[in-house]
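Biologist: Hi, I'm new to this one. Could you walk me through it?

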Amino acid sequence: MADRGVDLSALPKEVRDQLAELDLELSEGRRTASSMHQPELLRKGADDPQASVKTVASAFIFLPTLNQQGPHEAAVWMEMLTYTVLSDSMGRRFHDCNHTRKSFGGSDLCLELRLQFTYIREDKMYCHVFFSQKDDTICKTLHPLKYFSSFNRTSALQSQPETNVCLLQSHLLEYTSVNVVIAFLSLALMCIVRPDGPPQLCKTDQIGEIIINSRAGGTMYYGLPGLTKNTFEVIPVNANGVPIGEIPFVRSGLLGFVGPGSLIFVVGKIEGLLMVSGRRHNADDLVATALAVEPVKTVYRGRIAVFSVTVFYDERVVIVAEQRPDASEEDSFQWMSRVLQAIESIHQVGLYCLALVPANTLPKTPLGGIHISDTKQFFLEGSLHPCNILMCPHTCVTNLPKPRQKQPVGVGPASVMVGNLVAGKRIAQAAGRDLGLIEDQDLVRKHQYLTEALQWRAQTDPDHVLYVLLNAKGVTVGTATCVQLYKRAEKIAAALTEKGSINTGDNVVLLYPPGIDLIAAFYGCLYAGCVPVNVRPPHPQNLAATLPTVRMIIDVSKAGCILTTQSLMRILRSKEAAVSVNIKTWPTIIDTDDLPRRRPPQIYKPPTAEMIAYLDFSVSTTGMLTGVKISHAAVSALCRSIKLQCELYSSRQIAICLDPYCGLGFVLWCLASVYSGHQSILIPPFELESCLSLWLSTLSQYRIRDTFCSYSVMELCTKGLGTQTELLKARGVNLSCVRSCVVIAEERPRLALSQSFSKLFKDVGLSSRAVSTAFGSRVNLAVCLQGTTGPDPCTVYVDMKSLRHDRVRLVERGAPQSLPLMESGKILPGVRVIIVNPETKGPLGDSHLGEIWVNSPHNASGYYTIYGEEGLQADHFNTKLSFGDPHTLWARTGYLGFVKRTELLDASGDRHDALFVVGSLDETLELRGLRYHPTDIETSVSRAHRSIAESAVFTWTNLLVVVSELCGSEQDALDLVPLITNVVLEEHHLIVGVVVIVDPGVIPINSRGEKQRMHLRDSFLADQLDPIYVAYNM
């Protein structure tokens, strides 16, 4: 064939040998000359004058003509085509070679053949073959292509069986050194049907899926009858849904349309079809647009994957590209920004996410292409590990519900109450047992003050042990009997009188680690007529962060003296402390390790029970330092309520693993044992850092029935001992004795943590009914506390959408958008609560979410302020309802909740009214006119990926900011950004504005285990978080 001007040097030797043999047969007459035409060399040049033409492949095409009755050989043409790759001046490479040949066989059948080779990448190109006969919708055409890797003789080609499996999709053709022979096997029918829904026949101006009928095609998927019926047994229907025949068609997976000249044009594949907001987009078109935006500096070898993910009831377009190793971060973000603009302007679709991954990291197909489905799966699982990412939810998510517009209140609160009564809804209120009618035979009842109670116990039962202090090894390092505690308190009172120059009513700061010294110092202040102020001591290894808080409380309380230990006194006066505060301005510091041996001249007795007993300072979750005044009457009433609720007597033992510095933790640590006479086993929470099993081992060793802890202690045991239950059993730990395990908190009960704790330690005997929770606030230290009697705490499921509208709608467990809430404990005796609208101050029905107001004899007297801001005090501690009961004084807790009457019965036989705490009013997020609770969003974020250890949310200039702690590798950091954005959008209908990925331990948490979100917000605004990655969603 060389003498005919055909260059065969680029062909493999096997092919050249077969061509030579064919040429020999033609020259010897063994093959008829009438059935062959002289090969014709076709060349296609470049339109661009700067283009370079390169011969890359040759293909031999055999076209047997067919007639109406069936295939037979009338004439065969063999044409040799030389295809070229064109390279334009901009370096883009493409290939487009068209050849049309009309053949007339022995019948009047006219067929038109058109081949189109379109260059896609450096090593691949698409081959589209079109045939047509004059028809608009159904084209009688030759069967799709069959590819052979070597040249076949004509006789072999004619005898090729028609049942061979044929590829029905657009094939990728390796052309670097491959010679392809295309054989047309049989008569076929081709239709265009709609790609979704019933296979309705498309019109000539519509794009649909190409379906084919041919005897040479496949007939089924082995072992998959359902998929076989949907793929191989498609019957086209007309617009009325009536089948147009009984001939089954096979889905090709290709998209196309009938174009001019009745040609069928392939425009893409079904798997590359993206349906976004009711419009179809082709993934290949988006890839071409992205490649057109100067990818040379950024994209590695043009490797780009486009797919869609379902987020918030619609498909969202995601583009993932491999980044060149030498590409800078600035170049990458510039390219991503230009791609966003180009796709939005050309395709009128917004991108949801654009990610760049390191080169050669995307999953590959066997032929070296990008595996789209695996890439999508890695993206959704958070294992794609991008190096740059850009999220654009603000521009592409357009189907969010309209923001809620708050309407002005058109009716008065009284009308609301009447409406609730007419509708059969009861006012949301509940009360504990009547404190005044309960008989209390204990002699402590005769004493109004705790100082008198301690003095009476020292006289009547001096050797009764009130307190036992344990260390990390479980060894008793300190005990205090009634008389020992009383005498030590007297010595401290004498030291205050002699060394402190303290007057009656002066404030004294107690700076002690958790222990018996703190308890003795508290009663010593009461005996001296001083007001104790309990303060957490500074951490020796972190003075810069903790000492300023100590100084602030001392200054705010105007303390005249500091009681502390010798070691802490040295820390306060050390050089390290001088770096953070002015150590020369400390008040008088008294070391209680060295006390005088004499007693005070007299024991102070307050003239009235309404005098202040102590000040309770605490930092709220919003970052506000608040101190409340607790009177002697409130102390006695609170201790009595706890005693009656928990059935505490002198013969009882309880274990306390709490920080004793504020709230109910301080009451249980320092006050309750002196009032009730029970023995308290004290376990400092910091000792658990050295021995995680200390608390649980103590419960088992002492056979404790009632114990009190914090969420931080419970979480520490759950994470640290969850896999060591067998080891605990081997050590003899048995928790079957525990009847009540109460978590002390000022927040919504953590149901998931409580359930996890119960399940993990069920193997060591812990009852599933034992774990419960308590609730207190600044205005009332103990509103609810699960006692030993009464019904178990109940759990309800509420609709989250209704909760955002301040409505309470109960749903079944597992319902969509359901939120489980656990009862916050049983309301204490003498306590009344009511749910109130925080704006109108009117009572609400039990189907509404409102602020919890409380009336109780142990309410705090008010806020302690330097300048006496009585307005703030009156608003929170002496508030009246706008209608209903205008005489009762209520205290506003600042927490949102609701009351539900359950089917359970209390001790009196009445139906139990349960109080459910939802969250702090000051921490709620007002977004899009709705009320969101940070805990709900944080719970969703924590479930998004296994590498998220903790998270916190807050708002910044109307943007939602999510801060997540990464517990895994830093290469997972950018994987979290789309996952966090997805889950918040799906479950809460909010668009995250900023995602911040930080190291573990960055989110500040107070001693009660509560997140300090406002401190975190201040650190974020001051750029002090040192984040791993910050993503600003567009």
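Modeller: Sure, one term before we start: contact, or touching, means heavy atoms within 4.5 Å. This is a predicted model, where local features need pLDDT of at least 70, side-chain atom pairs count only at pLDDT 80 or more, and totals for chains, interfaces and linings use all residues. Residues are numbered from 1 along each chain as its sequence is written, and side-chain values use heavy atoms, with hydrogens and water left out.

Biologist: Okay, which residues does Arg892 touch, not counting residues up to four places away in sequence?

Modeller: Arg892 touches Val779, Pro838, Lys841, Glu851, Ile852, Trp853, Asp875, His876 and Thr879. Arg892 itself lies in strand S41, residues 891-905. Helices (H or I, at least four residues) and strands (E, at least two) are DSSP runs, numbered from the N terminus.

Biologist: And is Arg892 buried or exposed?

Modeller: Arg892 is buried, with a relative accessible area of 11%. Buried means under 20% relative accessible area, exposed means over 50%, and partly exposed is in between, using a 1.4 Å probe and protein chains only.

Biologist: Zooming out, how many helices and strands are there in the protein?

Modeller: The protein has 25 helices and 48 strands. Of its 1034 residues, 54% are buried. Take the contacts between residues at least 6 apart in sequence: 70% of them join residues at least 24 apart.

Biologist: What about the largest nonpolar core, which members touch the most others?

Modeller: Those are Leu496, Tyr523, Leu563, Tyr614 and Leu671, in a core of 91 residues. Helix H11 (residues 516-528) gives the most to this core, with eleven residues. By nonpolar core I mean a set of buried Ala, Val, Leu, Ile, Met, Phe, Trp, Tyr and Cys residues joined through side-chain atoms within 4.5 Å. Apart from the largest core lies another one, of 46 residues, among them Val309, Leu927, Leu966 and Leu990.

Biologist: Which residues is Tyr614 in contact with, leaving aside neighbours within four places in sequence?

Modeller: Quite a list, including Phe522, Val531, Pro532, Phe666, Leu671 and Leu781.

Biologist: Let's switch to helices. How far apart are the end C-alpha atoms of H16?

Modeller: They are 18 Å apart. H16 has 14 residues, 663-676, and at 1.5 Å a residue it should span 20 Å, which agrees. The expected span is 1.5 Å times one less than the number of residues.

Biologist: Where does H16 bend?

Modeller: At Cys670, by about 40 degrees. That bend is the angle between axes fitted to the seven residues ending there and the seven starting there. Just after H16, Gly677 takes a positive phi of about 90 degrees. Also, 14 of the 14 residues of H16 are buried, so the helix is largely enclosed by the rest of the structure.

Biologist: You mentioned a cysteine. How many disulfides does the structure hold?

Modeller: Zero. A disulfide here is a pair of cysteine sulfur atoms within 2.5 Å. Take Cys717: the closest cysteine sulfur is in Cys657, 7.2 Å away, too far for a bond. Cys717 is buried, with a relative accessible area of 0%, and Cys646 is buried too, at 4%.

Biologist: Then how many salt bridges are there?

Modeller: The count comes to 29, where a salt bridge is a side-chain nitrogen of Lys or Arg within 4 Å of a carboxyl oxygen of Asp or Glu. One joins Glu715 and Arg750, at 4.0 Å, N to O. Glu715 lies in helix H18 (residues 711-721) and Arg750 in the loop between strand S33 (740-743) and helix H20 (751-760), so the pair ties together parts that are 35 residues apart in sequence.

Biologist: Which other residue does Arg750 form a salt bridge with?

Modeller: Glu747, with the closest N and O atoms 3.0 Å apart. Glu747 counts as buried, at 18% relative accessibility, whereas Glu715 counts as partly exposed, at 23%.

Biologist: Which residues are linked in a network of salt bridges?

Modeller: Glu923, Glu938, Glu950, Lys1011 and Arg1013 are. Within that group, the side chains of Glu923 and Arg1013 meet at 2.6 Å, N to O. Glu923 sits in the loop between strands S42 (911-920) and S43 (925-927) and Arg1013 in helix H25 (residues 1013-1021), so the pair ties together parts 90 residues apart in sequence. Both Glu923 and Arg1013 are buried.
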